[in-house]
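Okay, thanks everyone, let's get going. I'll put the structure up, and then we'll talk through salt bridges and the DNA side.

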There are 2 protein chains.
Amino acid sequence: MCCESRFLEALHDRGLRLTPQRERILAILHEMDGHATAEQIYERIVAQNPSMDISTVYRTLELLQMLQMVGCIDVGGQRRYELLSLHGAHHHLYCRICGQLLRVEAQEMQPLIEHLAQLSGFEADPEHLIIPGLCEECRHRVAVSP
Amino acid sequence: MCCESRFLEALHDRGLRLTPQRERILAILHEMDGHATAEQIYERIVAQNPSMDISTVYRTLELLQMLQMVGCIDVGGQRRYELLSLHGAHHHLYCRICGQLLRVEAQEMQPLIEHLAQLSGFEADPEHLIIPGLCEECRHRVAVSP
DNA sequence: GTAGATGCAAATGTTTTGCAACTAG
DNA sequence: CTAGTTGCAAAACATTTGCATCTAC
């Protein structure tokens, strides 16, 4: 796990503590490799440790966001979290049929971002844009049965 | 009101009915000119007609979305609705400091959409994309006081 | 020992649903 | 008339909070 020592240090700097629950949540975030909901993280942990509470998951995710270790995106009325250290800067394609999230490298969006800046002085975030649409499979499925 | 007759026709085609509640919600959507939450629409109506229920607002908004007369975007954990007939196809720039939504013509995004289709077979929605970032004013304000 | 963290239960806020009563066509 | 619609109340979600208990340090 690449960032546990960073976590520990960040906690200590603030007078906060490394608990087994926090370790477990960080480990799960590594395992899941992105786009997990709080509920999904919680379920994985409860399987082994039934006493874990979902409020602890939320509190830890909030903490990790504050420490800039976890990013959060808001799709389809729910939040999904991912460890920032696992992937480079990227955006998301959100399939509004199957709910799948695809990653797109940040650079693919660069021309658009420059265009918008020129057009209206708007400085688009260089990461975590969510583009809704249809993924390839769902697009075909819809085309076949209209 | 430009689209009431279209609404009536679409309803009749499906054996559905035009009720005073549906008329009222459509009228409010015209008045509000975009980006209203269900709660905001509900409040406006309750002021004159206290018996209206918010579930009727949700049901009508869902219906209008199904009829492609209303679009829905998901920003900052809440949904906002707008009448599609009021503006041409467009996307949104969402300033995450002041919360303002700016409209961008759909054509400005066309090159990106084609690029994504080529890259991963993803068919991005031609409308209602939300791009978070900083509007010109907030960008300057932030630059001055870091 | 003690500030900080946890688990529990209950509150929150938003959206959805079941259902009996009502009404547009 | 009657299928569709409404208002109401309650459920369903996702998320947050208050608090007594517990624990990392």
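A quick bit of vocabulary before anything else: partly exposed means a relative accessible area between the two cut-offs, with buried being under 20% and exposed over 50%. By that yardstick A:Arg139, with a relative accessible area of 23%, is partly exposed. And keep in mind that this is a predicted model.

So who does A:Arg139 pair with? That's A:Glu136, in a salt bridge at 3.8 Å, N to O. Both sit in helix H6 of chain A, three residues apart, about one turn of the helix. A:Glu136 is partly exposed too, at 34% relative accessibility.

Counting over all chains, there are eight salt bridges. Another of them joins A:Glu31 and A:Arg44, 2.8 Å from N to O. This one links distant parts of the chain, with A:Glu31 in helix H2 and A:Arg44 in helix H3, 13 residues apart. Over in chain B, B:Glu31 and B:Arg44 form a salt bridge, with their closest N and O atoms 2.8 Å apart. B:Glu31 is in helix H2 and B:Arg44 in helix H3, so that pair ties together parts 13 residues apart in sequence. Back in chain A, shared partners bring A:Arg24, A:Glu31 and A:Arg44 into one network.

Now, the DNA. There are 19 residues around strand C, and A:Gln21, A:Arg22 and A:Thr56 are among the nearest. The A:Arg22 side chain has an N or O atom 2.8 Å from a phosphate oxygen, and for A:Thr56 a polar side-chain atom lies 2.6 Å from a phosphate oxygen. A:Gln21's side chain goes to a sugar or linking oxygen instead, at 2.7 Å.

Technical notes:
Residues numbered from 1 in each chain as written. Chains lettered and ligands numbered in written order. Predicted model: local features only at pLDDT ≥ 70, side-chain atom pairs only at ≥ 80, totals over all residues. Heavy atoms only, no water. Near = heavy atom within 4 Å. Polar contact = N/O pair within 3.5 Å; in protein donor to acceptor, adjacent residues only side chain to side chain. Salt bridge = Lys/Arg side-chain N within 4 Å of Asp/Glu carboxyl O. Helix = DSSP H or I, 4+ residues; strand = E, 2+ residues; numbered from the N terminus. Buried < 20%, exposed > 50% of the residue type's maximum accessible area, 1.4 Å probe, protein only.
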